[in-house]
Amino acid sequence: AILPVFAGVILATRISSLGSLVGSAVGGLVMIALVSSQGLPAVYDVYAVGSVALIWLFHRDNIARLLAGTERRIDRRS
């Protein structure tokens, strides 16, 4: 579920950090949905939220640049 989202965001925007942020958020949501629907232990929800929070924390510089419109894009060289 995460890889197609990650790749799709990067292909659409050419911004790697945005792909990571959106992919991690989707992954966390998928994990929470699976825990709820499959009756898995709630500790998996803690893992999902914690791991997404860490990824977003480590990307805080990228988030600031995204909000400012200055985040670097992947160059499309032929």
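**A short tour of a four-helix chain**

Hi everyone! Let's begin with one residue, Leu34, which sits in helix H2. Is Leu34 buried, exposed or partly exposed? Its relative accessible area is 40%, and because burial needs under 20% and exposure over 50%, Leu34 counts as partly exposed. Keep Leu34 in mind, since we'll come back to it. One thing to say early on: what you see on the screen is a predicted model.

Now let's step back to the whole chain. What is it built from? There are four helices and zero strands, so if you walk along from the N terminus you meet α-α-α-α. How spread out is that arrangement? The radius of gyration is 15 Å, whereas the globule rule gives 12 Å for 78 residues, so the chain is more spread out than a compact globule. If you draw a box along the principal axes, the C-alpha atoms fill roughly 45 × 25 × 15 Å.

What about the inside and the outside? Of the 78 residues, 21% count as buried. The accessible surface comes to about 5500 Å², and 67% of that belongs to carbon and sulfur atoms. As for who touches whom, take the contacts between residues at least 6 apart in sequence: 53% of them join residues at least 24 apart.

Let's go to the start of the chain. Helix H1 covers residues 2–13, which makes 12 residues. From its first C-alpha to its last, H1 reaches 16 Å, close to the 16 Å expected at 1.5 Å a residue. Which residue follows H1? That is Arg14, found in the loop between H1 and H2. Have a look at its backbone: Arg14 has a positive phi of about 60 degrees, although it is not a glycine. Like Leu34, which we met at 40%, Arg14 is partly exposed, with a relative accessible area of 29%.

Now, back to Leu34 as promised. Leu34 belongs to a nonpolar patch on the surface, together with Val30, Leu40, Val43, Tyr44 and Val46. Together these residues have about 500 Å² of accessible area. Which helices supply the patch? Helix H2 (16–38) and helix H3 (43–58) each bring at least two residues, and H3 gives the most, with three.

Here is a handy thing to remember when you look at helices on the screen. An α-helix has 3.6 residues a turn, so residues three or four places apart point the same way. Try turning the model to find Val30 and Leu34, both in the nonpolar patch. Thanks for listening!

How values were computed
Residues numbered from 1 in each chain as written. Predicted model: local features only at pLDDT ≥ 70, side-chain atom pairs only at ≥ 80, totals over all residues. Heavy atoms only, no water. Expected span 1.5 Å × (residues − 1). Patch = residues over 30% accessible without salt bridge, like charges linked within 9 Å, V, L, I, M, F, W, Y side chains within 5 Å. Areas by Shrake-Rupley, 256 points an atom, 1.4 Å probe, with all protein chains shown as cover. Salt bridge = Lys/Arg side-chain N within 4 Å of Asp/Glu carboxyl O. Buried < 20%, exposed > 50% of the residue type's maximum accessible area, 1.4 Å probe, protein only. Rg over C-alpha atoms; globule rule 2.2 N^0.38 Å. Contact = heavy atoms within 4.5 Å.
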